[in-house]
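The following exercises are to be worked with the sequence and the structure side by side. Each task is followed by a solution in steps.

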Amino acid sequence: MEKQNTISIYRERLAQHQAEHKKYKRKSNFNATARLLVFVAAAIGFYFALSTTVLVVSAVLFSTIVIFLILVQYSAKLENKVQWHREMTLINEENIKALNGDYSSFKNGKLYADAAHPFSYDLDIFGQNGFFQTINRTVRPGGERLLANWFTQPLLEWNKIEQRQHAFKELAQKPGWRHKFLAHARINQLDEAAETLFKQLSAQKVGVPAWISSSVLRWGVPLLTIASVILAAWQLIPVGYLILFVLLQWGLVGFAMKYTKKADAALGRTEKIMQGQKSLIALITNESWKSEPLSEISSAFQKGDEPAMHSIKQLAAIIKSFEYRNNLIIAVIANSFLLWDIQCITRFRRWHAKASVHMTDWMQALDKMDAMVSGGAYWQNNPEFCIPRFDPRHQLESKELGHPLLPEQKRVVNDYSFPEGTLFHIVTGANMAGKSTFLRTVSLNMVMAMAGLPVCARNFAFKPVAVFTSMRTTDSLSKDESYFYAELRRLREAYNRIRKDERLFLVLDEILKGTNSEDKRKGSVDFLTQLIQYDVAGIVATHDTQLGELAQQLPEHFDNYCFEIEIEGEHVNFDYKLQPGITQTMNAQLLMKQMGLIK
């Protein structure tokens, strides 16, 4: 019911923006028609005015030009409105689709998939239909990388986890603000090249000689040139003086060309994108924030001699002045009379000296907010999930724990408790009984909790811990490495970390799958009994019911759980409910018969 209420909110916002989009689209079309009519009327009026006085001709031209320019400016405003409501419409449509299980609109983070990572590959965090795709709403490259990092390197300090929870919760309560942030960021899309350029701006060397930027040169030569134009027009000086001053300006511009090109390359063609950054900063700094992480993001834009808004506005104007040089006519006129290139590089040099050092911090603050927005959206879109709590007595204490990637109507939940200490739960069960899904359910929810997110449970208390899984070990032909050796290498990685006194929560699915049953059982027993010398805990799923005997031999360190099945003739029923003890049923032969593999 709560999720349906959330969908209703999005649908209401969708209807509003669709109506606004249509309204401004109609106005835009009408404006285009009006401009055409003004142009036609101007041509007709000019034709008839030719037979009258010069004053009438001038009046017709002036009035039509003014009207046309007004319509052009209004057209730009209308287009901005059309684009704005188009993006807001898409944002609400995408959220509605996501709440109905369709996440195809969002990037899946497959670039961050790493089979060697301690847990992300096993837990389906990245890739098509992975967890990252369900939460990712980022628009900025840096924001996407940061969000991915929150799930590959989750927090282990409870106070930091709690701070992030507060930030996500605060953003969840501001859906309108989040959507504005996304719309601004999408309209002025920041690509990888522009991001790199802005973040490395402070490292750019602006070695402009001081004399080129001197006020005497920058203002004296243009004033003399303009004065020569006036004096030559009144025939008070020969035209040669005017030509001399123009040639002097071009000589100075030519001398400064290498500095101009370097500065132009450092800034790129990014004036519109920079205007977008200004809009995002204004949106953040004009909002009142209560949580510490969001307040820190906002305060980051106040660092420096001048607020970020002012500095970014200056930089946008400087970039635009450089972009005027792309118009050959404007470039020739401006450099002939105003030393335009030198004016540009001087403004950039002065801006760079006082503000560029803060540019990286400002961009990173925007990236952080971009990632935070995703967490806020996930919090709002999953109202039935619970907020994790800290419990020093339990590694995990949960009620109705389920897998967040499974649809609610198909999700089977379990109550699951794991006390603090050196302990392993041995989970046995038949094929397809739910062991591997359960391992991923526990592990993924723990990672989500350490990222500051709500989790798929009715109640969830835990103690932060580094998670390490071994579930999907693969062989590597390129490394001449067998499946069995690859698994041993992964277990050795975990063991080395444990021996360095790092507490891990190990999640192991069928240890030593690459060897025979007897060797596998002995090796598994030896490995697990070796581990209990250290501060370690975890879950081990296995088909080998004999491994459950460890609970009888070392009851203080091992406990048994299982997933049972019910066999009725030729049918196998799965309930996917976790039970204490060792499984009593297996189903391999029956499943093979059903598939026609054996008789």
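The expected span of a helix is 1.5 Å times one less than its number of residues. The model used throughout is a predicted one.

**Exercise 1. Helix spans and buried faces**

Task: Determine how the span of helix H5 (residues 158-172) relates to the expected value, and find which of its residues are buried.

Solution.
Step 1. Helix H5 has 15 residues, and an expected span of 21 Å follows at 1.5 Å a residue.
Step 2. From its first C-alpha to its last, H5 reaches 21 Å, close to that expectation.
Step 3. Buried means under 20% relative accessible area. In H5 the buried residues are Trp158, Ile161, Arg164, Gln165, Ala167, Phe168, Glu170, Leu171 and Ala172.

Task: Repeat the analysis for helix H18 (residues 483-499), and examine the residue Asp501 that comes after H18.

Solution.
Step 1. H18 has 17 residues and reaches 25 Å from first to last C-alpha, close to the expected 24 Å.
Step 2. Its buried residues are Ala486, Glu487, Arg490, Leu491, Ala494, Tyr495 and Ile498.
Step 3. An α-helix has 3.6 residues a turn, so residues three or four places apart point the same way.
Step 4. Asp501 follows H18 and has a positive phi, near 65°.

**Exercise 2. Strand pairing**

Task: State the strand order of the open sheet of four strands and identify its edge strands.

Solution.
Step 1. The order is E1-E5-E2-E3, and the pairing is mixed.
Step 2. Strand E1 (389-390) and strand E3 (414-419) are the edges, since each pairs on one side only.
Step 3. Strand E2 (residues 394-401) pairs with E3 in the antiparallel sense, over five bridges. Within this pairing, Glu397 has Ser417 of E3 as its bridge partner.

Task: Explain why strand E8 (residues 536-542) may be called largely enclosed, and describe its pairing with E4 and E7.

Solution.
Step 1. Seven of the seven residues of E8 are buried, so the strand is largely enclosed by the rest of the structure.
Step 2. Val536, Gly538, Val540 and Thr542 point one way from E8, while Ala537, Ile539 and Ala541 point the other way; all are buried.
Step 3. Strand E4 (residues 423-429) pairs with E8 in the parallel sense over six bridges. Here Ile426 has Val540 of E8 as its bridge partner.
Step 4. Strand E7 (residues 504-509) also runs parallel to E8, and six bridges join the two. Val507 is matched with Ile539 of E8.

**Exercise 3. The loop between H2 and H3**

Task: For Asp124, Asn129 and Leu111, decide whether each is buried, partly exposed or exposed.

Solution.
Step 1. The class "exposed" requires over 50% relative accessible area, and "partly exposed" lies between that and the buried limit of 20%.
Step 2. Asp124, in the loop between H2 and H3, has 25% relative accessibility and therefore counts as partly exposed. Its phi is positive, about 55°, although it is not a glycine.
Step 3. Asn129 is found in the loop between H2 and H3, and its 59% relative accessibility makes it exposed. Its phi, near 65°, is likewise positive in a residue other than glycine.
Step 4. Leu111 lies in the loop between H2 and H3 and is exposed, with a relative accessible area of 76%. Between the C-alpha atoms of Leu111 and Ala148 there are 9.9 Å in space, for 37 residues in sequence.

**Exercise 4. The largest pocket**

Task: Describe the volume, lining and residue classes of the largest pocket.

Solution.
Step 1. The largest pocket holds about 600 Å³ of space.
Step 2. It is lined by 29 residues, of which Lys3, Ala98, Leu99, Gly101 and Tyr103 are the closest to its centre.
Step 3. Two or more lining residues come from each of helix H1 (2-49), helix H2 (54-99), helix H3 (131-135) and helix H16 (359-381).
Step 4. By class, the lining has 13 nonpolar, 10 polar and six charged residues.

**Exercise 5. Cysteines**

Task: Establish how many disulfides the structure has, and why Cys456 does not bond to Cys386.

Solution.
Step 1. A disulfide is a pair of cysteine sulfur atoms within 2.5 Å.
Step 2. A search of the whole structure finds zero such pairs.
Step 3. The cysteine sulfur closest to that of Cys456 is in Cys386, at 8.8 Å, which is too far for a bond.
Step 4. Cys456 is buried, with a relative accessible area of 3%, and Cys562 is buried at 2%.

Methods. Residues are numbered from 1 along each chain as its sequence is written. This is a predicted model: local features need pLDDT of at least 70, side-chain atom pairs count only at pLDDT 80 or more; totals for chains, interfaces and linings use all residues. Side-chain values use heavy atoms; hydrogens and water are left out. On a 1 Å grid over the protein atoms alone, a cavity is a set of points where a 1.4 Å probe fits but cannot get out, and a pocket is an open set with protein on both sides within 12 Å along at least five of seven lines; lining residues have an atom within 4 Å of a point. Grid points are joined across faces, edges and corners, and a volume is the space filled by probe spheres set on the points. Ala, Val, Leu, Ile, Met, Phe, Trp, Tyr, Cys and Pro count as nonpolar, Asp, Glu, Lys and Arg as charged, and the others, Gly among them, as polar. Buried means under 20% relative accessible area, exposed over 50%, partly exposed in between (1.4 Å probe, protein chains only). Two strands pair if DSSP finds at least two bridges between them.
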